[in-house]
Amino acid sequence: MSVAVVSVTALDHARDALAAAAHAELDPRTRVQLEGRIVPTLLRMAWPNMLVMLAQAATGLIETWFVSRLGTDALAGMALVFPGVMLMQMISAGAMGGGISSAIARALGAGRRADADALVLHAIVINIALGALFSTVMLAWGRPIYRALGGAGGELDAALAYSNVVFAGNILLWVMNGLASAIRGTGNMLVPALVTCVGVIFLVPLSPCLIFGIGPFPALGIAGGGAALMLFYGAGTAVLAWYIGSGRSLVRLRLSRPRWPEFRSILGVGAFASLTSVQTNVIIGLVTALVARTAGPEAMAGYGTGARLEYLLIPLVFGLGAPLVAMVGTNIGAGQSQRALRIAFVGGAIAFALTEAIGVAAALRPTAWPELFSTDPRVVAAGGSYLRVVAPTYGFFGLGLALYFASQGAGRLFWPLFAGFLRMLIALGGGWLALRLTGELVWLFAAIALGLVVQGATVLTAIVAGAWGKRRSGVAS
């Protein structure tokens, strides 16, 4: 018995010594995620992302304002395309991007630098393939898709003019976000933020030049906004590729033979997370169709401007979510599951406070937001009605979204996905039934608000109850 005890003790000491040696070799950025104080570390990593997300959101708003000068048809056309554009952004940066960041963070947390390097190449391959797939679908079937969402006449023509340009260069968006996600997985939030912010400085004046034909630029109308975006994504891709290729990044691009374990490590999280992104955009898209068929294009434009504020919460929470993916993933990889949980709850609380504050402010003056984009009283009334009912529940949307990002880092996405299906059922099923019974948009908006509350509360309850308990490496469940 004593020999057995001595042997077990010796094994424990040896294991501890190996763990300590691996820990000592960690990069300082990785070490602070494992040992630093949670709130200061999270906020220090989050502020560059929040800055860049706010910059991107402001760019989208400015572009929408410029497009609104082209008339209601152009504004309604953009409302038709916007869910698809945001779907690409959410999947490439938030969902598949989270899978990339999570896989790299877990590899670095476990001290597997070579695996982290190999994941960069696999991330690029995945994103090129997905970008090409979505481009093909939207370029080939854009017209019937937008017609099914309620588009007709001038708004359908405007939607196609914008959509065809954006999706022709869709691969650039995917590759840029894939490279940025690889860098974020190392805990470096600053470089992707700087690249985006500098790009935005050039994008803001470029967009109206191409829309209206200012100076030597051609007047491309609504398509000019899409062309400016594609130029921005192309430049961002080039700069991020140079940064990784120069050896300045903690992970490097190494040409090697693609292997299934690396693909699985990314897709095991990213594929599940993509379903969550699809859910959000399906809700927005189908609600747009319901509004258009119930109350006409002016109400559709008003709902589109109101829902855009909800979309703005996504990049804001993503600014906090990317650090959550990296910190939770690094701690899970290092075997520090309790610290990973604490990080998730702290991030969820911060996200709730931020988004609820925005929602309450919007609900107190619900017409102020849609009035930025239109003077048509029907557009303003629909947008104001949406914000009056839905905006007070934005805190639950922010909470659920932050915990979704944290779950990406943990590789546990079943409950965020399930909560998203509950939200879809309530918002679309309940909203359709409410319209059938009352014919009033306000009850459709009430169903949307209830769906947001249920989504956030469900994810929080599941994680508190132990949804992260057991985990299989590389597979989201």
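Helix 11 gives the most to the lining of the second largest cavity, with 7 residues. Let me start there. This is a predicted model, by the way. The second largest cavity has a volume of about 120 Å³. It is lined by 15 residues. Closest to its centre are Ala79, Phe82, Gly304, Thr305 and Arg308.

Which elements give two or more residues to that lining? Helix 4, helix 10 and helix 11, the last of these running over 297-333. By class, the lining has 10 nonpolar residues, 4 polar and 1 charged. How many cavities of 30 Å³ or more are there? The count comes to 4.

Now the pocket. The largest pocket has a volume of about 320 Å³. There are 17 residues in its lining, and the closest to the centre are Pro83, Gly84, Leu87, Ile145 and Leu149. Three helices each supply at least two lining residues: helix 4 (72-109), helix 5 (113-148) and helix 10 (260-295). How do the lining residues divide by class? Into 14 nonpolar and 3 polar, with no charged residue. Compare the second largest cavity, where 1 charged residue is part of the lining.

Helix 10 has come up twice. It gives residues to the lining of the largest pocket, and to that of the second largest cavity. So a word on helix 10 itself. It has 36 residues, which at 1.5 Å a residue should span 52 Å. Its end C-alpha atoms are 50 Å apart, so the two figures agree. Where is the kink in helix 10 centred? On leucine 267, with an angle of about 35°. Just after helix 10 comes glycine 296, and its phi is positive, near 95°.

One residue to find in helix 10 is valine 278. Buried, exposed or partly exposed? At 31% relative accessibility, valine 278 counts as partly exposed. Now look for methionine 90. Valine 278 and methionine 90 are 188 residues apart in sequence, yet their C-alpha atoms are 8.6 Å apart in space.

Next, the aromatic rings. The structure holds 12 aromatic pairs. A pair of aromatic rings is described by the distance of the centres and the angle of the planes. Take phenylalanine 66 and phenylalanine 212. Their centres are 6.1 Å apart, with 80° between the planes, and the pair is edge-to-face. This pair links distant parts of the chain. Phenylalanine 66 is in helix 3 (residues 38-68), phenylalanine 212 is in helix 8 (residues 190-212), and 146 residues separate them.

How accessible are the two partners? Phenylalanine 66 has 16% relative accessibility, so it counts as buried, the cut-off being under 20%. Phenylalanine 212, at 33%, counts as partly exposed.

A second pair is made by phenylalanine 414 and tryptophan 415. Why is that pair edge-to-face? The ring centres are 5.3 Å apart and the planes stand at 85°, and over 60 degrees counts as edge-to-face. Phenylalanine 414 is partly exposed, with a relative accessible area of 41%. Tryptophan 415 is partly exposed too, at 35%.

Back to the phenylalanine 66 pair for a moment. Which residues form a cluster there? Trp65, Phe66 and Phe212 form one aromatic cluster.

While we are on helix 8, find leucine 190, which is also in that helix. Leucine 190 has 40% relative accessibility, so it counts as partly exposed. Alanine 105 is 85 residues away along the chain, and the C-alpha atoms of the two are separated by 16 Å.

Last stop, helix 16. Its 24 residues should span 34 Å at 1.5 Å a residue. The end C-alpha atoms are 35 Å apart, which agrees. Helix 16 is followed by glycine 466, whose phi is positive, near 105°. Glycine 296, after helix 10, has a positive phi as well.

Tryptophan 468 is in the segment after helix 16 (441-464). Buried or exposed? Buried, because its relative accessibility is 12%. From tryptophan 468 to alanine 168 is 300 residues in sequence. In space, C-alpha to C-alpha, the two are 40 Å apart.

Methods: Residues are numbered from 1 along each chain as its sequence is written. This is a predicted model: local features need pLDDT of at least 70, side-chain atom pairs count only at pLDDT 80 or more; totals for chains, interfaces and linings use all residues. Side-chain values use heavy atoms; hydrogens and water are left out. On a 1 Å grid over the protein atoms alone, a cavity is a set of points where a 1.4 Å probe fits but cannot get out, and a pocket is an open set with protein on both sides within 12 Å along at least five of seven lines; lining residues have an atom within 4 Å of a point. Grid points are joined across faces, edges and corners, and a volume is the space filled by probe spheres set on the points. Helices (H or I, at least four residues) and strands (E, at least two) are DSSP runs, numbered from the N terminus. Ala, Val, Leu, Ile, Met, Phe, Trp, Tyr, Cys and Pro count as nonpolar, Asp, Glu, Lys and Arg as charged, and the others, Gly among them, as polar. The expected span of a helix is 1.5 Å times one less than its number of residues. The bend at a residue is the angle between axes fitted to the seven residues ending there and the seven starting there. Rings of Phe, Tyr and Trp (its six-membered ring) pair if their centres lie within 6.5 Å; planes under 30 degrees apart count as stacked, over 60 as edge-to-face and the rest as tilted. Buried means under 20% relative accessible area, exposed over 50%, partly exposed in between (1.4 Å probe, protein chains only).
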